[in-house]
Amino acid sequence: MVLPSPAKLLQVIINIISLVLFSSLIQAKPFTDYGYDPGVLKPVDSTLKVSPGEPAPDFTLTAIDGKQVRLSQFKNQRNVVLSFVPSAWTPICSGQWPGYNISRIFFEQYDAILLGITVDNIPTLYSWTRQMGELWFDVLSDFWPHGEVAGKYGLLRSDGTAERALVFIDKSGIISAIHVSDINVRPPLEMIVTELSKFNTR
């Protein structure tokens, strides 16, 4: 049996590694390649219709798994955080929700659940969330009547998308805090943890 020379063996190994890497790139195209960059937008483009200390407007929306989620089903059971984001398949939104997997332990610590909401339809949200990876919270479609829930809260922008906003609701159904962020900037995780910690004192 004739063994290949060290140089030929090295070339074979390099070719195999290159083939594996090339195949993996084809099968797992970077998420950012699929996204649409809307550019710099007006930071805030709506007027709030709710305030801290007021009851949170109730709603029922469909999750990507088909179930109906009603806000009031959590009353006297769990604290709730609503995460409104503008649009699927955009860079900041695509990084924001996966980032909440890191902070899940804090939601659990303060007996809170998270609900993600956009004005996109179910097929779009289904494809988008599958591409970004597993999320631990329900993602809800406020598509039809278009942006109705975002509108109730005063978070529907003039272009029909939602603001980038977080609404903190305690177990009694009262809004404890609202943070409407610059749509071009991801809200800091430390702010979320700070607001979650306030649930303990209410």
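Arg 104 and Glu 108 lie four residues apart in helix 3, a separation of about one helical turn, and in this predicted model their side chains meet in a salt bridge with an N to O distance of 2.9 Å. An α-helix has 3.6 residues a turn, so residues three or four places apart point the same way. Both partners are partly exposed: Arg 104 has a relative accessible area of 37%, and for Glu 108 the value is 47%.

A comparable spacing is found in helix 6, which covers residues 189-198, where Lys 198 and Glu 195 are three residues apart, again about one turn of the helix. Their side chains also meet in a salt bridge, at 3.3 Å from N to O, but the two ends of this pair are covered to unlike degrees. Lys 198 counts as partly exposed at 42% relative accessibility, whereas Glu 195 counts as buried because its relative accessibility is 8%, which falls under the 20% limit used for that label.

What does a salt bridge between distant parts of the chain look like here? Asp 111 pairs with Arg 78, and the closest N and O atoms of the two are 2.8 Å apart. Asp 111 sits in the loop between helix 3 (104-109) and strand 4 (112-118), while Arg 78 belongs to the loop between strand 2 (68-70) and strand 3 (79-84), so that 33 residues separate them along the chain. Asp 111 is partly exposed at 27% relative accessible area, and Arg 78 is partly exposed as well, at 28%. A search of the whole structure finds eight salt bridges, and those that share partners join Arg 78, Asp 111 and Lys 171 into one network.

These pairs are set in a protein chain of 202 residues, of which 41% count as buried. The chain contains six helices and seven strands, and from the N terminus on its elements run α-β-β-β-α-α-β-α-β-α-β-β-α. Of the contacts between residues at least 6 apart in sequence, 71% join residues that are at least 24 apart. The accessible surface comes to about 11100 Å², and carbon and sulfur atoms account for 59% of that area.

The strands form an open sheet of seven, in the order 2-1-5-4-3-6-7 and with mixed pairing. Strand 2 and strand 7 (175-180) stand at the edges, and because each has a single partner strand, one side of each is left without a neighbour in the sheet. On average, neighbouring strands are turned by 30 degrees against each other when direction is ignored. Strands of a sheet pair through backbone hydrogen bonds, either parallel or antiparallel. Strand 4 and strand 5 take the parallel sense, pairing over four bridges, and Leu 115 stands opposite Asp 138 in strand 5.

Helix 2 packs on this sheet, where it touches strand 3, strand 4 and strand 5, and its direction makes about 165 degrees with that of strand 4. Helix 6 packs on the sheet too, touching strand 3, strand 4, strand 6 (165-169) and strand 7, with its direction at about 15 degrees to that of strand 6.

Which residues of helix 6 are buried? They are Met 191, Ile 192, Glu 195 and Leu 196, and they cover an arc of only 135 degrees around the axis, which puts them on the same side of helix 6. What covers these buried residues includes strand 3, helix 3, strand 4, strand 6 and strand 7. Glu 195, the buried partner of the salt bridge with Lys 198, thus belongs to this set, because its relative accessibility is 8%.

Helix 4, residues 122-132, can be read in a similar way, with Leu 125, Trp 128, Thr 129 and Met 132 as its buried residues. Seen down the helix axis, these fall within an arc of 95 degrees, so they line one face of helix 4. They pack against helix 2 (91-99), strand 4 and strand 5 (138-141). The face of helix 4 turned away from this buried side carries the exposed residues Pro 123 and Arg 130. After helix 4 comes Gly 133, whose phi is positive, near 110 degrees.

Conventions:
Residues numbered from 1 in each chain as written. Predicted model: local features only at pLDDT ≥ 70, side-chain atom pairs only at ≥ 80, totals over all residues. Heavy atoms only, no water. Helix = DSSP H or I, 4+ residues; strand = E, 2+ residues; numbered from the N terminus. Buried < 20%, exposed > 50% of the residue type's maximum accessible area, 1.4 Å probe, protein only. Contact = heavy atoms within 4.5 Å. Areas by Shrake-Rupley, 256 points an atom, 1.4 Å probe, with all protein chains shown as cover. Salt bridge = Lys/Arg side-chain N within 4 Å of Asp/Glu carboxyl O. Arc of directions from axis to C-beta. Pairing = 2+ DSSP bridges. Axes fitted to C-alpha atoms, helices over the stretch in contact; angles between N-to-C directions.
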